[in-house]
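Let's take a friendly walk through one protein model, strand by strand and loop by loop. Keep the picture in view as you read.

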Amino acid sequence: MRLGFRHIRSISSYHCRISIPRSLHRSFSTTTMAASEVNKTAHSFDKARFEALLNRRFFYAPAFEIYGGIGVAGLYDYGPPGSSLQANIIAEWRKHFIIEEHMLELDTTIMTPASVFETSGHVARFADWMVKDTKTGDVLRADHLVGGVLEARLAGDKEARGLAAAPPAPDDKKKKKKGAKAAAVKLDDEVVKEYESILAQLDNYSGLELGELCRTYALRNPDTDNEVGEPQQFNLMFASSIGPTGQHPGENQFLKLPTNLSYLRPETAQGHFLNFSRLLEFNNGRIPFASAQIGRSFRNEISPRAGLLRVREFTMAEIEHYVDPEDKSHERFDEVRDIVLTLLQKSVQESGNNGTIRMSVGDAVAKGIIANETLGYFIARIYQFLLKIGINPARLRFRQHMKNEMAHYAADCWDAEIQNSTGWTECVGCADRAAYDLSVHSARTGHPLVVRQALKEPIVTEKEVPEWNKKALGKTFKGDAGVVQKLVEALEEPELLKLKGELLQGATVIKSEDGKEFQLTPELLTIERKVFKQSIREYTPNVIEPSFGLGRILYTLLEHSFWAREQDVERGVLSLPSVVAPTKVLIVPLSAREEFAPLVQEVSSKLRRAGVFSRVDDSNTSIGKRYARNDELGTPFGITVDFASVQNRTMTLRERDTTDQRIGTIDEVIATVVELVNGSIDWNAACARLPAYDGVQAVE
Ligand SMILES: Nc1ncnc2c1ncn2[C@@H]1O[C@H](COP(=O)(O)OP(=O)(O)OP(=O)(O)O)[C@@H](O)[C@H]1O
């Protein structure tokens, strides 16, 4: 959750070469075949082929397509494999966080009265800086303009120096035609340094500074080559109204805005905070605990051009972990302390660099690089989750927010950034938001959002307290009696002690702010030392917030999983781990002939009973083509039912990445594939159980 100015960072765009996906490495190391035998080599990432695959297999598509898009960029519909993939990521997220950490799950409303977002600060500050093309009026995000043009100039400089010029990304062709690609012009070394320094801290600039950069470096709209105007703020929330407009004026006691103005939430977090006291009660008043919510959020992004990476409607999964501000240790920190992460610190970025370090979470917390154990714990848990679903760890880093980028109240904030063909993209934010959210909602509504903790040992304190003779006070000062009382009660302990001494001497004078003097005597008040016992501690908890954007994670996972076999570059393979693959097992009868039907039904129902999602492909095409089609859908295992299955009750089991095939009895194959899908054995173990298939059995 960001209040302020939000950015996708795209530092090293277009250089991305995809290596063999991680899951494939796993397969190589666990199979008996050598990598060369199965002909899988690393190749450059072919974005055009990748996008064609996603489109062909309907992972997702632009919404309202048959209406020609009607100017609604940034809205997408997920098709069957995309929906299943997202559902599986969510299921794993629930297991990894909600179930594992006993979080309290919520489902709160999307439509939110404006008063809530006025209090949270979103009405005033949930904005990006935009600039307008001075001739066409086209709107661009200011930081994207600065970043895009400077990167293009640096690429032009590389080309002029004869260094490996960065080829334009396939999706950049349109921009290139319009003149976005800078000419191959050599820049001064100093200028190169300046550009690199600006790019390293792009998220740190204010609107004024972005305007200044546009002027200093003559940055123009790359689409038209026209100048741009001064940056202006654009609030990203979609406004709506509840009920018929103009009804119930002034009904809402909290509202300064029109009474029925509301917004579609831009994050799920406020729904957690508003329910804090109920959640605390549900948790028997104990802290720490966390609430979690998965749901839709809406942001009216200025110019969403990056597919699923920047959309106007998306699914978020957010955790709010409530913790004692005086104790941010985490009882399970030892479980993660040795996890080594790639960290990009704020001090490095602020000095104009983007060099990362590798460090264990334990060391990062001990050295104060990560602010506290609870924040470190969640950063490590985010890392574990992303790896579990198949994100390549070599392309994952945690970037700390710079000073200006972070909300003023936040203690520390890190983004999990994943590298993809557009550069490094924030996919998860993880912030220590201190007590801000609960405090502001509590102050606005008067509803205490606090923890009341019974103290084991009461805290005993002594202090000087004024004791008033109310009757004499009223008689002496009449209408000013209250003023005098307030003046004395506002005094700090040393001043009260001084006053006490003066009263013991006989009399003293106290002055109000407007210079009025009041004489105080022991008849009006005495100062007594009193003992206080406090058995309840009341405090506003701090909030640690991991916030996941599922669309960005899903898209980068697809990129990381994509490759093509050398012998068939036209078709791709998605090496999705079983845990998230849309379909786990493909059942392929040799043909649609009736004699295979009972066996197909038997295998399919046995897998169903074991909780393994399978699909049958009995289409009228070769087995090879059917497997290739399902490699594109990321289906990790295939079972072939052939004449040997009918005669001997044997089946073959195929692994997607290696295309290795093994053979066993129907029950052996089912038992093995169920364990493979559950992750309790790997392919190596499967190979030890089932002999290699020599190809004879399937021949008719
Ligand atoms: N327009 C968007 N489209 C898709 N996902 C988004 C979008 N905005 C935010 N997210 C996702 O929600 C997560 C939490 O939101 P947060 O407010 O921290 O993002 P942000 O800092 O505004 O992101 P950015 O600076 O990239 O716009 C992000 O890490 C990202 O995964």
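Two strands are said to pair if DSSP finds at least two bridges between them. Keep in mind that this is a predicted model.

With that idea in hand, start at strand β10 (residues 289–298), which is joined to β11 by ten bridges, the two running antiparallel. Strand β11 also pairs with β21 (residues 542–549), again in the antiparallel sense. The table shows both partners of β11.

| Partner of β11 | Residues | Bridges | Direction |
|---|---|---|---|
| β10 | 289–298 | ten | antiparallel |
| β21 | 542–549 | six | antiparallel |

You can pick out facing residues too: I294 stands opposite A317 in β11, while H321 stands opposite I544 in β21. Is β11 enclosed or open? Ten of its eleven residues are buried, so β11 is largely enclosed by the rest of the structure. As a general point, side chains in a regular strand alternate between the two faces of the sheet.

Now follow the chain into the loop between β11 (313–323) and β12 (340–344), where you will find F333. F333 counts as partly exposed because it has 17 C-beta neighbours inside 10 Å, and a residue needs 20 or more to be buried. Leaving aside residues up to four places away in sequence, F333 touches E373, G376 and Y377. From F333 to N221 is 49 Å, C-alpha to C-alpha, and the two are 112 residues apart in sequence.

Last, look at helix α7 (residues 142–160). Its 19 residues reach 27 Å from first C-alpha to last, close to the 27 Å expected at 1.5 Å a residue. After α7 comes G162, with a positive phi near 75 degrees.

Note on methods
Residues are numbered from 1 along each chain as its sequence is written. This is a predicted model: local features need pLDDT of at least 70, side-chain atom pairs count only at pLDDT 80 or more; totals for chains, interfaces and linings use all residues. Helices (H or I, at least four residues) and strands (E, at least two) are DSSP runs, numbered from the N terminus. A residue is buried if 20 or more other C-beta atoms lie within 10 Å of its own, exposed if 12 or fewer, and partly exposed in between; C-beta atoms are placed from the backbone. Two residues are in contact if their C-beta atoms, placed from the backbone, lie within 7 Å. The expected span of a helix is 1.5 Å times one less than its number of residues.
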